[in-house]
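Thanks for coming. I will take a few minutes on one structure and then stop. Please have a look at it first.

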Amino acid sequence: MKDPHLMDRRTVVTGLCATLALAAVAPIAGTKAATPNAPGPEGLEDPVSKYPKPPFQEQSQPWPGLAGKMNPKPDHGETSYKGSGRLTGRKALITGGDSGMGRAAAIAYAREGADVAINYFPTEEPDAQEVISLIKAEGRKAIAIPGDLREEAFCQKLVSKAVEALGGLDIVVNNAARQQTKPTLADISSEDFDATMKTNIYAPFWILKAALPHLKPGSVIIATTSEQAYDPSPDLYDYAQTKAATMNYVKSLAKQLGPKGIRVNGVAPGPIWTPLQVSGGATPEKLKKFGSQTAMGRPGQPVELASIYVQLAAADASYANGQIYGASGGGGQP
């Protein structure tokens, strides 16, 4: 005969477990499955629907193009980026700072407390003046230095002007680039090839050579490379190889300068909505569906990379050296 007290204890335990199990399951059974379009917690945004998707209207501009004339206009963080003092007192030089990732970095750096000098091609003055106004609005020094990076003398002058105006230099962002789509190798003239090499490879070499004597331990160098460095498009023969070279110099220079306390890293964007595309960087047909091949079905916006440039410049990323940070919407290798 079984012990009645033992049976009572078993009955209580069994009943308690059943009650707990039902309590755990009940909320799930009574809740509707979440849908992608359902509103989430405050501050949570769906990256798929956050920005415009293709098809985009047909448009083109003379090189190097203006962000202010693009439709839709790119988001560089003009109203959305919020700083938190991560770069207070820092002094940055950014090439191609009038638009694209350079503009996004300039706005973010200023809102994080840095003084900023931007370089741009003279015809990009309208975009550049918008950036200068945004930097000044943060109470930071804003230095505009227009000029052609394909000239060694100007690159040297660019650094000296930035150092003088900022009172030093500890962040160098080599971001400016030339990209012109050409269907075949035969369509690239020696002049075109030379212009791309001078802008994308020679200019960073000249700038860094001039800047190094001014960079102290804790300074950073950041290069903008591209997904083209490891997955080149057939119509970007010259541009793609310059971005592979950029990725390579980041890794080489990081080893050279690491012992001196100077970090070197790169950012590898995927398809990003910038004037680079509408001023000859993409064919009209490619532009209409630009970014559609990504997992998110859209191109990225420059502001979506701003926090990467900030992180690589910030002191709390002190062990990041020789790294390539990708942002390509679901593809890519870095």
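I will go through two helices and then the cavities. Keep in mind that this is a predicted model.

Start with helix H5, residues 190-211. How far apart are its end C-alpha atoms? They are 30 Å apart, and because 22 residues at 1.5 Å a residue should span 32 Å, the two figures agree. The helix has a kink, though: about 40 degrees, centred on lysine 198.

Which residues of H5 are buried? The list includes Asp192, Thr196, Trp206 and Leu208. Thr199, Asn200, Ala203, Pro204 and Ile207 are also buried, and those five names will come back. As for what the buried residues of H5 pack against, there are three strands to look at, E1 (91-95), E4 (171-174) and E5 (220-224), and two helices, H4 (152-166) and H6 (237-257).

That brings me to H6. With 21 residues at 1.5 Å each, H6 should span 30 Å, and its end C-alpha atoms are 30 Å apart, so expectation and model agree here too. Among the buried residues of H6 are Asp238, Met247, Val250 and Leu257, along with Lys243, Thr246 and Tyr249. The cover over the buried residues of H6 includes H5, E4 and E5. It also includes strand E6 (263-269), helix H7 (275-281) and strand E7 (324-327).

Now the empty space. How many cavities of 30 Å³ or more does the structure hold? Two.

The largest cavity has a volume of about 40 Å³. Its lining consists of Asn174, Ala176, Asn200, Pro204, Thr224, Lys243, Thr246 and Tyr249. H5 and H6 each supply at least two of these residues, and H6 has the largest share, with three. By class, the lining has four polar, three nonpolar and one charged residues.

The second largest cavity holds about 30 Å³ of space. Which element gives the most to its lining? That is H5, with four residues. The full lining is Thr95, Leu149, Asn174, Ala176, Thr199, Ala203, Pro204 and Ile207. Here the classes come out as five nonpolar and three polar residues, with no charged ones.

If you want one residue to look up afterwards, take Pro204. Pro204 is buried in H5, it lines the largest cavity, and it lines the second largest cavity as well. Asn174 and Ala176 also appear in both linings. That is all I have.

Key
Residues numbered from 1 in each chain as written. Predicted model: local features only at pLDDT ≥ 70, side-chain atom pairs only at ≥ 80, totals over all residues. Heavy atoms only, no water. Expected span 1.5 Å × (residues − 1). Bend = angle between axes of the 7 residues up to and from the residue. Buried < 20%, exposed > 50% of the residue type's maximum accessible area, 1.4 Å probe, protein only. Contact = heavy atoms within 4.5 Å. 1 Å grid on protein atoms, 1.4 Å probe; cavity = no way out; pocket = protein on both sides within 12 Å on 5 of 7 lines; lining within 4 Å. Points joined across faces, edges and corners; volume = space filled by probe spheres on them. Nonpolar A, V, L, I, M, F, W, Y, C, P; charged D, E, K, R; others polar.
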